[in-house]
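Got your viewer open and a cartoon representation on? Follow along, one selection at a time.

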Amino acid sequence: MQVTRLPRRPAPEARADRPRWRLATLIEIGLTGGIGSGKSTVAAMLADRGAVVLDSDSLVRELQVPGTAVFEAIVAQWGERVVADDGTLNRGELASIVFDDPAELELLNAIVHPAHAIEMERRRSVYEGTDTVLVFDIPLLVEVGRGGFDGVVVVDLDPETAIQRLAADRGLDEADARRRMANQASRAERLDRADFVLDNGGTKADLAAEVDRCWEWIGSLGEG
Ligand code: ATP
């Protein structure tokens, strides 16, 4: 695993006469992990510690509400079968169309990705020139090869434990989860991309302690 160490800023006493016009450092962190690894839990813990979280999946959902250009383009492509009775997108149907069919997935990505990239960048740019810690919660960060972060944090959990937790907490369809897991990056591939690994194999209190350690590390990235 490669650990990124950015140059450290001098100790505070050495910076006492630092000019007031010094530019603030925006720190951009990519957060990822396997299905049910605890990404949302970690994102919430980081938000509690002061981070601003940009959630990739919820942005996709926002971009797909009825009336949006993305929604209209999806319906134009696959017809009424992807519209639920209440007029919203039938996500399950759309997922089943694109799962295992690279050509269909490519069509969907061509509709969603440009709008997603533009809106994500718009939201990011609001924090330009500030000393915000921006956390991009991106489940498929490794799969899409997204880069450009100051650091990548991976929430690591044995997939079997993830399935047990999701089954207990959300009554998930185990076979479906296993299929989706098989279609995503492996645990090892994700760890290989990590600058910081958060072990979520313990209790939530253990995870909070891991997040404290991670928050300290994130702070050190701004000390350039
Ligand atoms: P998804 O892949 O579905 O988006 P996720 O990676 O965001 O999931 P979470 O939703 O944060 O994962 O966690 C999955 C489930 O595991 C949740 O019900 C959460 O409360 C629970 N959970 C997370 N961490 C722990 C832990 N350390 N101990 C017990 N349960 C946990």
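Before the first angles come up: axes here are lines fitted to C-alpha atoms, for helices over the stretch in contact, and angles run from 0 to 180 degrees between N-to-C directions. Also keep in mind that what you're looking at is a predicted model.

**The whole chain.** Start with everything shown. The protein has 10 helices and 5 strands. Of its 224 residues, 22% count as buried. Take the contacts between residues at least 6 apart in sequence: 78% of them join residues at least 24 apart.

**The sheet.** Now color the strands. You get an open sheet of 5 strands with parallel pairing, in the order β2-β3-β1-β4-β5. At the edges are β2 (52-55) and β5 (196-199); each has a single partner strand, so one side of each is left without a neighbour in the sheet. Going from one strand to the next, the twist averages 25°.

**Strand β1.** Select residues 27-33. Is this strand enclosed or open to the outside? In β1, 6 of the 7 residues are buried, so the strand is largely enclosed by the rest of the structure. Next, add residues 133-137, which is β3: it runs parallel to β1, and 5 bridges join the two. Zoom in on G30 and you'll find F136 of β3 opposite. Then add β4, residues 151-156, also joined to β1 by 5 bridges and running parallel to it. Here the pair to click is G33, with V155 of β4 standing opposite.

**Out to β2.** Slide over to β2, which pairs with β3 in the parallel sense over 4 bridges. Which residue of β3 is the bridge partner of V53? That's V135.

**Helices on the sheet.** Bring up residues 56-63. This is helix α2, lying across β2 and β3 and running at about 55° to β2. Now switch to residues 204-221, helix α10, which lies across β1, β3, β4 and β5. Its angle to β5 is about 165°.

**The ligand.** Last stop: show the ligand and the 17 residues around it. Label K39, S40, T41, R165 and D169, the ones that come nearest. Which elements give two or more residues to this shell? They are α1 (39-48), α7 (159-170) and α10, the last being the helix you just saw across β1, β3, β4 and β5. Color the shell by class to finish: 4 residues are nonpolar, 9 polar and 4 charged.

Technical notes. Residues are numbered from 1 along each chain as its sequence is written. This is a predicted model: local features need pLDDT of at least 70, side-chain atom pairs count only at pLDDT 80 or more; totals for chains, interfaces and linings use all residues. A residue is buried if 20 or more other C-beta atoms lie within 10 Å of its own, exposed if 12 or fewer, and partly exposed in between; C-beta atoms are placed from the backbone. Two strands pair if DSSP finds at least two bridges between them. Two residues are in contact if their C-beta atoms, placed from the backbone, lie within 7 Å. A residue is near a molecule or strand if its C-beta atom, placed from the backbone, lies within 6 Å of it. Ala, Val, Leu, Ile, Met, Phe, Trp, Tyr, Cys and Pro count as nonpolar, Asp, Glu, Lys and Arg as charged, and the others, Gly among them, as polar.
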